[in-house]
Structures are given as C-alpha cells and as structure tokens.
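This report introduces one protein structure to a reader who has not seen it before. It treats individual strands, the sheet, the nonpolar cores and the chain as a whole.

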Amino acid sequence: MKKYSDFRSDTVTRPTENMKKAMAEAVVGDDVMGDDPTVQKLESLAAEIMGKEAGLYVPSGTMGNSIAVKVWTRELDEVIVEERCHFYNMESTSITFISRVNPRPLPSDRGAMDPGLVERNVKKPSVHFPRTSVICVENTHNNWSGSVVPMENLKAIREVADRHEVKIHFDGARIFNASHASGIPVKEYAAIGDSVMFCLSKGLSAPVGSMLTGPQDFIDYARRVRKALGGGMRQVGVLAAPGIVALTEMTDRLKEDHVRAKRLALGIAEMPGIELDPEHIDTNIIIFGISHPRISPLEFVAELKENGILASTPPGGIRLVTHKDIDDEDVDKAISVFRRILTN
Ligand code: TLP
C-alpha cells in the first residue's frame with residue numbers, strides 16, 4: 001500500500017514508462033550550440049500546438065514567465081497582473097528582481113480582471129508615470145482554485161491591449177486543463193497572448209521543464225535571456241524527450257483529474273468547518289478554508305499527513321490537487337480521513 005496520497009500538487013507526478021524509455025533513447029547534442037535535435041523537435045511541436053512562430057524549452061515555468069517579461073519590458077515600465085496570480089505572488093519577486101519593472105496588481109472575479117479597470121490602469125509614460133508594457137493573464141488560475149477564466153473576458157482584455165499597443169503574456173502553466181474543462185481549443189486561448197508559457201512538468205507529468213512560445217524575434221531574444229539567467233543546457237534532449245511524450249500522449253487524461261477533483265470537492269464540502277463551494281471547482285485544484293471549533297488549519301494539515309494525506313497550504317487556504325498519480329482509491333481515502341478528523 002502507498003504510504004502517502006500526495007495531493008500537494010500536480011508537480012509531484014512521476015514520469016511514465018514511455019517517458020523513461022524516451023529519455024533512455026533520446027538523440028542528443030549540445031543545445032546551447034543549437035545541436036540537440038530532440039530539443040528542436042519539442043520546441044517546434046510546442047510552437048505548432050500553440051499556433052506561434054517559435055518555442056523555447058526552459059527549465060521551469062518561473063523562468064519562462066521571467067524571460068517573457070524581461071523581453072517585453074524595459075526599466076521604468078509597469079506590468080499589469082491579477083492580484084492573486086502565481087507570477088506576482090509565488091515566483092520570488094522575479095518581476096522586480098529580474099526585469100526591474102513595477103507590478104500593478106488588480107483585483108478580479110476568480111481570475112477574470114475587469115477589462116474597464118485594466119484599461120484605466122494602462123499608463124502612457126510621463127515624468128510621473130511608468131509605461132504599461134505588458135498585461136499578464138493566467139489560465140487556469142491556480143490561486144483561484146484552478147478556475148477557468150472565461151474566453152469573453154480574455155478577448156475583452158486582448159482588445160484593451162490592442163487599443164493601447166500593449167503586449168499580453170499568458171501564463172498557461174495549465175492551459176491544457178483550461179482547454180479540457182471549457183472545450184475551447186488550446187490554440188484559441190494561446191491566440192490571446194503575444195507570448196504563452198506552459199508547463200510540461202505538472203499534470204502532463206514530464207519530469208522537468210516548461211515551454212515559452214511566441215513570435216520568432218521574441219524567442220530569439222528570449223534564448224539570449226535564458227542563457228544570461230543560466231538556463232542554457234547542454235545534452236538536454238534527455239529531458240526534452242519526455243516533454244514530447246507529455247504533449248503527444250498525456251493531454252487527454254487531464255479530464256480524469258477534473259472528474260476526481262469534483263468528486264473530492266463534493267465529498268468534503270458539507271463536512272463541519274469546511275469552507276468550499278464545489279461549484280467553483282472547474283479543473284484539478286481545490287482550495288478551501290477551514291473554520292472548525294476544535295482544530296486550526298495547520299493542525300488539520302498535520303493530522304491529514306499523519307493519516308497519509310498530503311496537502312499544501314498556499315496563503316489563505318488548504319490546497320488539494322489531483323493528477324496522474326492520484327486514483328479513485330486516493331480520493332476515497334481522503335474523503336474518509338477528512339470525515340474521521342472533522343466529525344470525531
Ligand atoms: N505552481 C506550483 C507552485 O509554485 C505553487 C504548484 O504547485 O502549483 N504559473 C503557475 C500558474 C503555476 O502554478 C506555477 C507553479 C508556475 C507558473 C511556475 O512553474 P515552475 O514551478 O515550473 O517554476
């Protein structure tokens with residue numbers, strides 16, 4: 001029997017057998033010199049899937065987002081971000097640390113920023129004001145419990161960006177989850193962004209890496225920034241090979257994670273102290289509050305762990321994520337552990 005059911009994140013997924021085989025058999029070269037055919041194959045595949053001119057393999061989603069903003073901005077600029085987005089909250093201040101630009105966080109309705117508010121916050125540069133150069137959107141939205149941001153909202157923000165000649169960077173770490181949940185093709189979402197970052201190492205289960213996609217001249221410069229950040233890797237085809245498997249074999253099964261997350265949310269929502277509206281669970285992430293007379297949130301998470309359930313604790317909540325290595329038994333086990341702790 002498994003010791004832990006690990007609901008902390010879909011980042012904990014282990015590579016599949018086909019991925020391990022692809023790693024062992026990968027044809028490699030020095031990718032910094034442009035010699036790795038496996039990386040090149042992954043980069044063109046990613047660009048093709050997103051409907052962009054070019055792609056770049058990066059070690060992490062954080063590096064992909066950081067490079068995008070670095071390429072689209074210069075000092076004295078401002079970047080509009082949604083106030084709970086991953087880029088602004090959970091990437092160790094990379095916006096200011098790497099690009100030295102000002103983030104302008106805006107509130108939202110579950111990840112959907114009001115286009116009017118976005119427009120009122122787009123600034124033309126003056127002696128007082130920065131220039132707004134990028135709007136960042138995130139879909140699915142991690143800290144809004146994996147919400148799918150409505151397409152009409154994204155299109156309205158695209159119109160604002162076009163009216164003011166501002167770029168959009170799309171954090172699509174889980175863009176395939178958004179597509180499966182809404183039925184909207186990935187390419188349609190990707191068309192919202194001038195640049196799109198998505199992760200191979202979350203629900204898609206590759207061991208390492210993310211993709212940055214966009215116009216050719218953007219990717220050419222992004223490649224130089226990646227090198228400057230220490231992200232130029234040599235025979236990295238061994239890591240790109242499972243990324244190809246992720247894109248060709250692993251996107252369809254994400255819907256199973258959504259079904260399990262919904263079942264888990266429905267199974268725990270009515271328990272004493274749980275603050276969760278299961279209607280809000282669109283994809284594979286459940287973030288809930290707990291207000292219980294006997295047990296604090298941190299004690300609750302510790303008790304879950306003692307009972308074989310691992311959860312994470314983003315600011316303001318407890319998070320459970322379903323993924324490839326979580327099956328129906330794990331979900332049943334979690335529901336019964338919750339019941340035991342909360343109703344005893
Ligand atoms: N998210 C991780 C943690 O950092 C919280 C997770 O477990 O969900 N954008 C979004 C929307 C993300 O959720 C993440 C990672 C990233 C970017 C960064 O990707 P990595 O971890 O590859 O740097």
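In this predicted model, strand E12 (residues 318-321) is covered on both of its faces. Ile-318 and Leu-320 lie on one side, Arg-319 and Val-321 lie on the other, and all of these residues are buried. Strand E12 is joined to strand E10 (residues 285-290) by four bridges, and the two run antiparallel. Within this pairing, Ile-286 has Leu-320 of E12 as its bridge partner. Leu-320 also belongs to a nonpolar core of 29 residues, whose members include Ile-274, Phe-300 and Val-337.

**The seven-stranded sheet**

An open sheet is formed by seven strands, in the order E2-E8-E7-E6-E5-E3-E4, and its pairing is mixed. At its edges are strand E2 (54-58) and strand E4 (102-106), each of which pairs on one side only. From one strand to the next, the twist averages 20°.

Helix H10 (residues 216-228) packs on this sheet and touches E2, strand E7 (195-199) and strand E8 (210-214). The direction of helix H10 makes about 20° with that of E2.

Strand E5 has E6 and E3 as its neighbours in the strand order. Seven of the eight residues of E5 are buried, so this strand is largely enclosed by the rest of the structure. Strand E5 (residues 131-138) pairs with strand E6 (residues 167-171) in the parallel sense over five bridges. Strand E3 (residues 77-82) is joined to E5 by four bridges, and these two strands run parallel as well. Individual bridge partners show how the strands are aligned: Val-79 is matched with Val-134 in E5, and Val-134 is in turn matched with Lys-167 in E6. A further bridge partner in E6 is Phe-170, which is matched with Val-137.

The strand pairings described above with a number of bridges are collected here.

| Strand pair | Sense | Bridges |
|---|---|---|
| E5 (residues 131-138) and E6 (residues 167-171) | parallel | five bridges |
| E3 (residues 77-82) and E5 | parallel | four bridges |
| E10 (residues 285-290) and E12 | antiparallel | four bridges |

**The largest nonpolar core**

The largest nonpolar core has 51 residues. Those with the most contacts inside this core are Ile-135, Ile-175, Phe-176, Tyr-189, Phe-198, Leu-200 and Leu-247. Helix H11 (residues 237-249) contributes the largest share of this core, namely six residues. The core of 29 residues lies apart from this one.

Leu-200 illustrates the contacts of one core residue. When its neighbours within four places in sequence are left aside, Leu-200 is in contact with several residues, among them Leu-42, Tyr-57, Met-211, Ala-246 and Leu-247.

**The chain as a whole**

The protein chain contains 14 helices and 12 strands. For 344 residues, a compact globule would have a radius of gyration near 20 Å, and the chain agrees with this because its own value is 20 Å. Its C-alpha atoms fill a box of roughly 60 × 55 × 35 Å along the principal axes.

Of the 344 residues, 57% are buried. The chain exposes about 14,900 Å², and carbon and sulfur atoms supply 52% of this area. Among contacts between residues at least 6 apart in sequence, 75% join residues at least 24 apart.

Note on methods:
Residues are numbered from 1 along each chain as its sequence is written. This is a predicted model: local features need pLDDT of at least 70, side-chain atom pairs count only at pLDDT 80 or more; totals for chains, interfaces and linings use all residues. Side-chain values use heavy atoms; hydrogens and water are left out. A nonpolar core is a set of buried Ala, Val, Leu, Ile, Met, Phe, Trp, Tyr and Cys residues joined through side-chain atoms within 4.5 Å. Buried means under 20% relative accessible area, exposed over 50%, partly exposed in between (1.4 Å probe, protein chains only). Contact means heavy atoms within 4.5 Å. Two strands pair if DSSP finds at least two bridges between them. Axes are lines fitted to C-alpha atoms, for helices over the stretch in contact, and angles run from 0 to 180 degrees between N-to-C directions. The radius of gyration is taken over C-alpha atoms; the globule rule is 2.2 Å times the number of residues to the power 0.38. Accessible areas come from the Shrake-Rupley method with a 1.4 Å probe; for residues, only the protein chains shown count as cover.
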